[in-house]
Amino acid sequence: MVEKVIIIGSGPSGYTAAIYAVRDGLAPLLIRGSLPGGQLMLTSAVENYPGFPSILGPDLMDNLYKHANGLGCRILDEDATKVDLHPYPYKVTAGGKEYETYSIIIASGANANWLGLYNEKRLIGKGVSGCAVCDGVFFKNKDVVVVGGGDSAMEDASYLSRLVKSVTIIHRKKTFGASKIMQERVLSNPKIKIIWDSIVVDVLGMEHVSGVKIKNLVTSKETTMPVGGLFVAIGHSPNTELFKGQLEIDGHGYITTHDFTRTSKDGVFAAGDVQDKVYKQAVVAAGWGSMAALDARKFLADKKLI
């Protein structure tokens with residue numbers, strides 16, 4: 001059996017593509033991965049998704065899953081481990097099984113970036129975290145550091161401030177890149193301090209984080225700050241490893257799309273953070289997912305495959 005469409009990924013873009021595709025009668029197979037839900041599974045309150053004045057990220061993802069599942073979408077809780085775009089129909093391997101498909105929607109999202117320090121890697125899970133919502137509860141009454149200057153860093157700092165003793169944001173520039181409302185929340189929070197023009201150059205501690213070494217980029221002066229935790233919030237890298245050498249990918253690792261969601265391969269579409277390097281919002285990702293499903297339906301219809 002050749003699938004009409006396989007969707008890889010299960011954030012807002014993947015689930016929305018599945019909802020549209022199943023309603024269009026395309027009988028999609030959603031390969032949502034062994035850790036489904038995308039980045040919103042690591043997010044606390046979402047306050048800018050239409051229809052939900054405030055909802056936890058995991059709850060929003062659960063709602064999207066229930067929506068797709070309730071419509072009868074086939075959902076596979078396995079990771080896609082291989083994609084072959086050279087033969088046609090295309091081939092996707094997941095859970096040790098190979099599937100053939102006439103079209104693919106890539107909604108594989110992105111992963112958190114790290115600082116690249118040896119001790120950071122060594123102490124992940126021992127005081128170093130890329131997910132404040134996941135791990136914040138373990139840092140009650142401790143002083144912690146958040147590295148970053150975008151919305152993710154602001155959200156992490158605000159969330160942690162309700163749990164920990166104090167939060168210090170370390171940012172390499174003189175100003176934040178976050179949205180105005182997120183900045184205002186952080187700058188008005190008495191439990192959050194800011195260290196500007198600085199970077200973390202080392203993470204201290206043997207079995208658990210005990211401090212960080214900070215370098216001021218203007219003076220080059222290094223100081224040591226005792227803290228119980230380090231939260232890294234410096235952006236994400238798109239999950240495009242499976243497609244390198246098969247699709248056009250830009251210098252930052254994002255899948256290049258043309259005419260909205262079309263990739264460099266006929267019948268292969270990309271949606272959400274795997275190709276969107278500008279907006280990176282849940283509602284935008286959902287919109288990309290709907291467009292990818294509509295584009296896939298048009299492609300299949302033009303090829304007389306439906």
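Q: Before we get going, when do two strands count as paired here?
A: Two strands pair if DSSP finds at least two bridges between them. Keep in mind that this is a predicted model.

Q: Okay, so how do strand 8 and strand 9 pair, and over how many bridges?
A: Strand 8 (residues 90-94) and strand 9 (residues 97-101) are antiparallel, with five bridges between them. Tyr-90, for one, has Thr-101 in strand 9 as its bridge partner.

Q: What about the turn of that hairpin, which residue there takes a positive phi?
A: That's Gly-95, with a phi near 60°. The hairpin has two residues between the strands.

Q: And in which sense does strand 1 pair with strand 9?
A: Parallel, over two bridges; strand 1 covers residues 2-3. Glu-3 is bridged to Thr-101 of strand 9, and Thr-101 is also the partner of Tyr-90.

Q: Switching to helices: how do helix 1 and helix 2 sit relative to each other?
A: The axes of helix 1 (residues 12-23) and helix 2 (residues 57-70) come within 9 Å and cross at roughly 20°. Angles under 35 degrees count as roughly parallel, so these two helices are roughly parallel to each other.

Q: Which residues make the contact?
A: From helix 1, Pro-12, Tyr-15, Ala-18 and Ile-19; from helix 2, Met-61, Leu-64, Tyr-65, His-67 and Ala-68. Eight of the contact residues are nonpolar, one is polar and none is charged.

Q: Last one: what do strand 14, helix 6 and strand 15 make?
A: A right-handed β-α-β unit, with helix 6 at residues 180-187. Strand 14 (residues 166-170) and strand 15 (residues 192-195) run parallel, joined by four bridges. One of the bridged pairs is Thr-168 with Lys-193.

Terms used:
Residues numbered from 1 in each chain as written. Predicted model: local features only at pLDDT ≥ 70, side-chain atom pairs only at ≥ 80, totals over all residues. Heavy atoms only, no water. Axes fitted to C-alpha atoms, helices over the stretch in contact; angles between N-to-C directions. Parallel < 35°, antiparallel > 145°, perpendicular 65-115°, else oblique. Contact = heavy atoms within 4.5 Å. Nonpolar A, V, L, I, M, F, W, Y, C, P; charged D, E, K, R; others polar. Right-handed = clockwise from strand over helix to strand, strands pointing away.
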